[in-house]
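Please work through the exercises below with the sequence and the structure at hand. Each task is followed by a solution in steps.

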Amino acid sequence: MPEANITRINLDGKELILIGTAHVSRQSAEQVKEVIERERPDSVCIELDAQRYQSVMDSNKWKETDIFKVIKEKKTTLLLMNLAISSFQNRLAKQFDIKPGQEMIQGIESAKETGAELVLADRNIQVTFSRIWHNLGWTGKSQLLSAIFFSIFSKETISEDELEKMKSQDTLNAVLAEFTESFPKLKTPLIDERDQYLAQKIKEAPGNKIVAVLGAAHVPGITKEIHKDHDLEALSQTPPKSIVPKILGWAIPLLIIALMVYTFMANPSAGFDQAMSWILWTGSLAAIGAAVAFGHPLAVISAFVAAPFTALHPLIAAGWVSGIVQAYMRRPNIGDFETLSEDVFSIKGFWHNKVTRVLLVVLLTNLGGSIGTFIGGADVIRVFFNNL
């Protein structure tokens, strides 16, 4: 195996061996096995947190998903992002006939075989997603979700030779520069902070000889950050939620209600028209969103009925109502979870699978309802000023 993908660092009496891998490369998995067996380290660090470790070790984890719980805990977007990311990795893995994350699985198995202590060295993925989300404005969030969503259906393939070349620093820097050009605010929480977290965990791993199995993108940063001390607790904190959205979430609905009440008192006929405009805009566009997701007829109706009211209550969303109705009427079964990783490869499969159908009903209902709230709210204001 070539040493080009291995970085050796001597630090405070410890020998640290970093293996830069590509996450769907057979050569990477073979190299991990060969290096650990040859070096016989005291500890093996892998680029996983506890949640992803369980996912890698238990391929049937999707079957345990409670879709009602996902909706109630407002995690539909997070689940959709996870599906999109795993879909992209699975597509490449299928192309090369290798299990996704095989180099991490190999690191786990080789650590057990050699008696090395296994260290889960990466930051909790929920914290990373939270810090990424916090760094993006509304436009950035929309662009990111769109990019992730459409990446699911990409037919682009890549040769294994090209994948191996990504381990070289020059090519890696070029790829990273292109990535951060589109989403510059993502680099800090996605790459830089995790470099710091990984570096500190590797330094603190037990023993004098440590092997770390890492994605190639992190090796240059870790090589630099490992000579500094980093506060893991600070890096693990989720960003505080701004009070502004909460204030606006209550202020805008109260304003719309106040305008409606005033208009109705000043001119009952105009007030009635104003209320009907609000109901039709919010309800119709929410229902259209549910229909575009091919929601059950009752889910579409529930979206229409719920949207005019949920738009005036910041703690409830029309998509949650229609999503729960959809999940109840077309409840996903074990077969849907078993075929989930295959179904998300195509637009037809994405809409056909009952799991992703529920997620789409939630998201598109909320999207339609949000557009309806904007248009309906503008019309409420127009009628109010016309009747001053």
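The exercises concern a sheet, a hairpin, a helix and a group of aromatic rings.

The model is predicted: local features need pLDDT of at least 70, side-chain atom pairs count only at pLDDT 80 or more, and totals for chains, interfaces and linings use all residues. Residues are numbered from 1 along each chain as its sequence is written, and side-chain values use heavy atoms, with hydrogens and water left out.

**Exercise 1. The sheet**

Task: Determine the order of the strands in the open sheet of five strands, and state which are the edge strands.

Solution. Step 1: Strands (E, at least two residues) and helices (H or I, at least four) are DSSP runs, numbered from the N terminus. Two strands pair if DSSP finds at least two bridges between them.

Step 2: The order is β1-β2-β5-β3-β4, and the pairing is mixed. Strands β1 and β4 (117-120) form the edges, since each pairs on one side only. On average, neighbouring strands are turned by 20° against each other, direction ignored.

Step 3: The individual pairings show the mixture. β1 and β2 run antiparallel over six bridges, whereas β2 and β5 pair in the parallel sense over seven bridges. A parallel pairing over four bridges joins β3 to β5 (residues 209-215).

Step 4: Bridge partners may now be located. Isoleucine 17 in β2 is the partner of arginine 8, and valine 211 in β5 is the bridge partner of isoleucine 17. Serine 43 stands opposite isoleucine 210 in β5.

Step 5: Helix α1 packs on the sheet and touches β1, β2, β3 and β5, where contact means heavy atoms within 4.5 Å. Seven of the eight residues of β2 are buried (under 20% relative accessible area; exposed is over 50%, partly exposed in between; 1.4 Å probe, protein chains only).

**Exercise 2. Positive phi values**

Task: Describe the place and the phi of aspartate 12, then those of arginine 40.

Solution. Step 1: Most residues other than glycine have a negative phi.

Step 2: Aspartate 12 lies in the loop between β1 (6-11) and β2 (14-21). The hairpin of these strands has two residues between them, and aspartate 12 takes a positive phi near 50° there. Aspartate 12 is exposed, at 73% relative accessible area.

Step 3: Arginine 40 sits in the loop between α1 (26-39) and β3 (43-46). Its phi is also positive, near 50°.

**Exercise 3. Helix α13 and the aromatic rings**

Task: State which residues of α13 are buried, and how many aromatic pairs the structure holds.

Solution. Step 1: Helix α13 (residues 243-266) has 24 residues and reaches 34 Å from its first C-alpha to its last, close to the 34 Å expected, which is 1.5 Å times one less than the number of residues.

Step 2: Pro253, Ile256, Leu259, Met260 and Thr263 are buried in α13. Their cover includes α14 (268-292) and α20 (354-386).

Step 3: There are two aromatic pairs (rings of Phe, Tyr and Trp, with its six-membered ring, whose centres lie within 6.5 Å; planes under 30 degrees apart are stacked, over 60 edge-to-face and the rest tilted). Tyrosine 262 and phenylalanine 384 have ring centres 5.4 Å apart and planes at 65°, so this pair is edge-to-face. Tyrosine 262 belongs to α13 and phenylalanine 384 to α20, so the pair ties together parts 122 residues apart in sequence.

Step 4: Phenylalanine 384 and phenylalanine 385 have ring centres 5.3 Å apart and planes at 70°, so they too are edge-to-face. Ring pairs thus link Tyr262, Phe384 and Phe385 into a cluster.

Step 5: Within this cluster, tyrosine 262 is partly exposed at 41%, phenylalanine 384 is buried at 13%, and phenylalanine 385 is exposed at 52%.

Conventions. Axes are lines fitted to C-alpha atoms, for helices over the stretch in contact, and angles run from 0 to 180 degrees between N-to-C directions.
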